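Q: Could you take me on a close look at the sheet in this protein, strand by strand, and at what surrounds it? I'd like one connected walk through it rather than a list.

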Amino acid sequence: MTDRVVLVGAESTGTTTLTRELCEMYRARGGEFAHTQWVREFGRDMSFIKLDRARAIDPAADMDSLVWTDEDFVEIAREQNRIEDEAAASTGPLLLCDTDAWATVIWQERYMGHRTREVEALAQHAPRALYILTTDEGVAFEADEIRDGEHLRHAMTNRFRECLEEQATPFIEVSGLNHAARVAAAVAAIDGVLGL
């Protein structure tokens, strides 16, 4: 059985960096962990897809000019589940996910102002062993062309925390004040759910 560990957080709080680093660390353990996989965030891919389509019509288009729909979030959640299951088929006892369909519900709420039953249903995809919330505390904001902006990170961190507290899967928080401590806390929590 594969334990699925999901990293979630506001934009530019280090979820992708930490997911990749953890994957490398577990692969380095060798043995059954040698083929540990990590799952990318499809919502980020979708943002670039939408931006490219918009720029094909208007080269000056930016994230503020994109129109999101509920169907976009259904597509994101479906594809996130698909790539997660694909990775789960070739990993060892651990699968590391840089977000999941559950987090897509929160992003739908952020962009659309509401949740839909279809996205919430897709969020009930597969059992999670652990969530790791990357907080905005101590993590420098790195702007790119699809990120909302630093001013939203604290509110989104709080919203993720509230939603994590309402669901059943255990979770921990890691800040960026001390990177080594952040990684060590994540490894300790993952080893705990793996029974190591």
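A: Asp3 stands opposite Leu94 in strand 3, so let's begin with that pairing, bearing in mind that this is a predicted model. Strand 1 (3-9) and strand 3 run parallel and are joined by five bridges. On to the next pairing: strand 2 and strand 3 are linked by three bridges, again in the parallel sense. Here Trp38 has Leu96 of strand 3 as its bridge partner.

Now for the whole sheet. It is open and made of five strands in the order 2-3-1-4-5, with parallel pairing. Strand 2 (37-39) and strand 5 (171-174) are its edges, each pairing on one side only. Averaged over the sheet and ignoring direction, neighbouring strands are turned by 20° against each other.

Strand 3, residues 94-98, deserves a longer stop. Five of its five residues are buried, leaving the strand mostly covered. In a regular strand, side chains alternate between the two faces of the sheet. In strand 3, Leu94, Leu96 and Asp98 point one way, Leu95 and Cys97 point the other way, and all are buried.

Following the chain out of strand 3, you come to Thr99, in the loop that leads to helix 4 (101-112). Thr99 has a phi near 85°, a positive value in a residue other than glycine. With a relative accessible area of 8%, Thr99 is buried. There is another residue of this kind in the loop between strand 1 and helix 1, namely Ser12. Its phi is also positive, about 55°, although Ser12 is not a glycine. Ser12 has a relative accessible area of 10% and is therefore buried.

Helix 1 itself covers residues 15-28 and lies across strand 1, strand 2, strand 3, strand 4 and strand 5. Relative to strand 3, helix 1 runs at about 165°.

Next, the other side of the strand order. Strand 4 (residues 130-134) pairs with strand 5 in the parallel sense over four bridges. One pair to look for is Ile132 with its bridge partner in strand 5, Ile172.

Tyr131 is a good residue to click on in strand 4. Its relative accessibility is 2%, so Tyr131 counts as buried. Setting aside neighbours within four places in sequence, Tyr131 is in contact with Val6, Val8, Asp100, Trp102, Leu164, Gln167, Thr169, Pro170, Phe171 and Ile172. Val39, by comparison, is 92 residues from Tyr131 in sequence and 14 Å from it in space, C-alpha to C-alpha.

Thr169, one of those contacts of Tyr131, sits in the loop between helix 6 (153-166) and strand 5. Thr169 is at 16% relative accessibility; buried means under 20%, so Thr169 counts as buried. Beyond residues up to four places away in sequence, Thr169 touches Arg128, Ala129, Leu130 and Tyr131.

Helix 6 also holds Phe160. At 0% relative accessibility, Phe160 counts as buried. Its contacts, not counting residues up to four places away in sequence, are Val8, Gly9, Ala10, Trp102, Ala103, Ile106, Trp107 and Leu133. Two of these names, Val8 and Trp102, may ring a bell: they are also among the contacts of Tyr131. Between Phe160 and Leu94, where strand 3 begins, the separation is 66 residues in sequence and 23 Å in space, C-alpha to C-alpha.

One last stop is a pair of helices. Two packed helices are described by the angle between their axes and the distance between the axes. For helix 2 (residues 42-57) and helix 3 (residues 70-88), the axes come within 9 Å and cross at roughly 135°. Helix 2 and helix 3 are therefore oblique to each other, and helix 2 passes helix 3 in a right-handed crossing. From helix 2, Phe42, Gly43, Met46 and Lys50 take part, and they meet Asp72, Glu75, Ile76, Glu79, Gln80 and Ile83 of helix 3. The residues of this contact divide into four nonpolar, two polar and four charged.

Conventions
Residues numbered from 1 in each chain as written. Predicted model: local features only at pLDDT ≥ 70, side-chain atom pairs only at ≥ 80, totals over all residues. Heavy atoms only, no water. Axes fitted to C-alpha atoms, helices over the stretch in contact; angles between N-to-C directions. Helix = DSSP H or I, 4+ residues; strand = E, 2+ residues; numbered from the N terminus. Parallel < 35°, antiparallel > 145°, perpendicular 65-115°, else oblique. Left-handed = near helix turned anticlockwise from the far one by under 90°. Contact = heavy atoms within 4.5 Å. Nonpolar A, V, L, I, M, F, W, Y, C, P; charged D, E, K, R; others polar. Pairing = 2+ DSSP bridges. Buried < 20%, exposed > 50% of the residue type's maximum accessible area, 1.4 Å probe, protein only.
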